[in-house]
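Biologist: Could you take one part of this protein and walk me through it slowly? I'd like a close look rather than a quick tour.

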Amino acid sequence: MGMAYQGKDRANDIQVRYVVKTSGDRWFIPYNNNKTTAAQVVDCNTLCGVTTDDTDCGSELVAS
């Protein structure tokens, strides 16, 4: 059987930085007008996943 997306099985040293205009902006689509921006960022973080030691893989980097 094929394996589906595994947001938890990433190497511990992986880190993805998403460049945003303003701190707290969502990192990428999914865009959902019915949710607050903070809830959208939580969704992005969930989709990005965690490493095997439960460290978040994604973080924001505010463009200057």
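Biologist: Let's take helix α1: which exposed residues does the face turned away from its buried side carry?

Modeller: Those are Ala38, Val42 and Thr46. Bear in mind that this is a predicted model. To place the helix first: the protein has one helix and two strands, and along the sequence they come in the order β-α-β. The helix, α1, covers residues 37–48. Its length works out nicely, because twelve residues at 1.5 Å each should span 16 Å, and the C-alpha atoms at its two ends do lie 16 Å apart.

Now turn to the other face. Gln40, Val41, Cys44 and Cys48 are the buried residues of α1. They sit on the same side of the helix, because the arc they cover around the axis is only 100°. The general rule behind that kind of pattern is that an α-helix has 3.6 residues a turn, so residues three or four places apart point the same way. As for what this side meets, the buried residues of α1 pack against both β1 (16–20) and β2 (58–62).

Part of that buried side also belongs to the largest nonpolar core, which has six residues: Val20, Trp27, Val41, Cys44, Cys48 and Cys57. Helix α1 supplies three of them, the largest share of this core. Val41 is a good one to click on: leaving aside residues up to four places away in sequence, Val41 touches Gly24, Asp25, Arg26 and Trp27.

Trp27 is worth a stop as well. A search of the whole structure turns up one aromatic pair. The partners are Tyr18 and Trp27, and their rings are stacked, with 5.3 Å centre to centre and 10° between the planes. The two differ in cover, with 20% relative accessible area as the limit for buried: Trp27 counts as buried at 13% relative accessibility, whereas Tyr18, at 22%, is partly exposed.

Back on the helix, follow the chain out past the end of α1 and you come to Gly49, which has a positive phi near 95°.

To set all this against the whole protein, 17% of its 64 residues count as buried. Of the contacts between residues at least 6 apart in sequence, 63% join residues at least 24 apart. The protein exposes about 4700 Å², and carbon and sulfur atoms supply 55% of that.

Terms used:
Residues are numbered from 1 along each chain as its sequence is written. This is a predicted model: local features need pLDDT of at least 70, side-chain atom pairs count only at pLDDT 80 or more; totals for chains, interfaces and linings use all residues. Side-chain values use heavy atoms; hydrogens and water are left out. A nonpolar core is a set of buried Ala, Val, Leu, Ile, Met, Phe, Trp, Tyr and Cys residues joined through side-chain atoms within 4.5 Å. Buried means under 20% relative accessible area, exposed over 50%, partly exposed in between (1.4 Å probe, protein chains only). Helices (H or I, at least four residues) and strands (E, at least two) are DSSP runs, numbered from the N terminus. Contact means heavy atoms within 4.5 Å. Accessible areas come from the Shrake-Rupley method with a 1.4 Å probe; for residues, only the protein chains shown count as cover. The expected span of a helix is 1.5 Å times one less than its number of residues. The arc is that of the directions from the helix axis to the C-beta atoms. Rings of Phe, Tyr and Trp (its six-membered ring) pair if their centres lie within 6.5 Å; planes under 30 degrees apart count as stacked, over 60 as edge-to-face and the rest as tilted.
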